[in-house]
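I opened the notebook to record what I looked up, beginning with the nonpolar cores and going on to a pocket and two single residues.

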Amino acid sequence: MFYHLERQGLEQVLPKLLEKTLERGWTAVVQAGSKERVDALNDALWTYREDSFLPHGRSQDGFAAHEPIYLTEDDDTPNGAQIRFMVDGAHAAAFEGFDRIVFVFDGADGDAVARAREDWKRAKEAGCVLTYWQQDGAGRWIKKA
């Protein structure tokens with residue numbers, strides 16, 4: 001699945017996608033392009049709403065195998081996640097082993113769009129079933145492919 005951000009940033013979209021993931025009873029891995037981005041997402045997931053937080057952790061927190069949402073800059077999956085989110089330039093080493101892999105990219109970033117096109121091509125060549133979602137002017141998700 002490819003999510004093309006246009007009206008909202010990752011910090012607004014990712015928590016909603018992760019909430020839906022947990023509602024389905026799944027665990028998730030969020031792979032970011034850098035350790036700094038993992039740290040920023042860690043902070044964002046604790047504070048994205050006043051009345052709630054998303055249970056998550058990183059390798060240095062010590063409970064990686066038990067985390068419903070595991071944040072990393074590597075391709076590890078210690079929690080046996082069913083879904084992997086690729087954000088901020090993270091590179092998918094493989095496309096198997098998950099029920100879903102979700103690429104979330106910033107449509108205003110030309111490099112991110114180019115990487116998403118490359119990932120789309122690689123996923124298609126690997127035989128994955130692909131979907132592409134883009135935000136409309138009101139921020140709603142429209143399935144484009």
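**Entry 1, the cores.** The model I am reading is a predicted one, and I began with its largest nonpolar core, which has 22 residues and in which Leu18, Val30, Phe85 and Val104 have the most contacts. I then looked up where these residues come from, and found that at least two are supplied by each of β1 (2-5), α1 (10-23), β2 (28-31), α2 (35-47), β3 (69-72), β4 (83-87) and β5 (100-106). The largest share, five residues, comes from α1. I also noted a second core, separate from this one, with 19 residues that include Ala64, Tyr70, Ile101 and Ala116. As background I wrote down that nonpolar side chains in soluble globular proteins tend to be buried together.

**Entry 2, phenylalanine 85.** Which residues does phenylalanine 85 touch, not counting those up to four places away in sequence? I listed Leu14, Leu17, Leu18 and Thr21, then Ala28, Val29, Val30 and Gln31, and finally Val102 and Val104.

**Entry 3, the largest pocket.** I looked up the largest pocket next and recorded a volume of about 230 Å³. It is lined by 13 residues, of which Met1, Tyr3, Leu17, Arg24 and Arg100 are the closest to its centre. Two or more lining residues are given by each of α1, β4 and β5, and α1 gives the most, with three. When I sorted the lining by character, I had nine nonpolar residues, one polar and three charged.

**Entry 4, threonine 131.** I found threonine 131 in the loop between α3 (110-125) and β6 (132-135). Is threonine 131 buried or exposed? I entered threonine 131 as buried, because its relative accessible area is 15% and the cut-off for buried is under 20%. Its side chain makes a polar contact, at 3.5 Å, with the side chain of tryptophan 133. Leaving aside neighbours within four places in sequence, I noted that threonine 131 is in contact with Met1, Phe2, Trp120, Lys143 and Ala145.

**Entry 5, aspartate 39.** My last residue, aspartate 39, lies in helix α2. I put aspartate 39 down as partly exposed because its relative accessibility is 24%, which falls between the limits of 20% and 50%. Beyond its neighbours within four places in sequence, aspartate 39 is in contact with Arg58 and Gln60. For the pair aspartate 39 and arginine 58, which are 19 residues apart along the chain, I recorded a separation of 8.6 Å between the C-alpha atoms.

Definitions and conventions:
Residues are numbered from 1 along each chain as its sequence is written. This is a predicted model: local features need pLDDT of at least 70, side-chain atom pairs count only at pLDDT 80 or more; totals for chains, interfaces and linings use all residues. Side-chain values use heavy atoms; hydrogens and water are left out. Buried means under 20% relative accessible area, exposed over 50%, partly exposed in between (1.4 Å probe, protein chains only). A polar contact is a pair of N or O atoms within 3.5 Å; within protein, one must be able to donate a hydrogen and the other to accept it, and residues adjacent in sequence count only if both atoms are side-chain atoms. Contact means heavy atoms within 4.5 Å. A nonpolar core is a set of buried Ala, Val, Leu, Ile, Met, Phe, Trp, Tyr and Cys residues joined through side-chain atoms within 4.5 Å. On a 1 Å grid over the protein atoms alone, a cavity is a set of points where a 1.4 Å probe fits but cannot get out, and a pocket is an open set with protein on both sides within 12 Å along at least five of seven lines; lining residues have an atom within 4 Å of a point. Grid points are joined across faces, edges and corners, and a volume is the space filled by probe spheres set on the points. Ala, Val, Leu, Ile, Met, Phe, Trp, Tyr, Cys and Pro count as nonpolar, Asp, Glu, Lys and Arg as charged, and the others, Gly among them, as polar.
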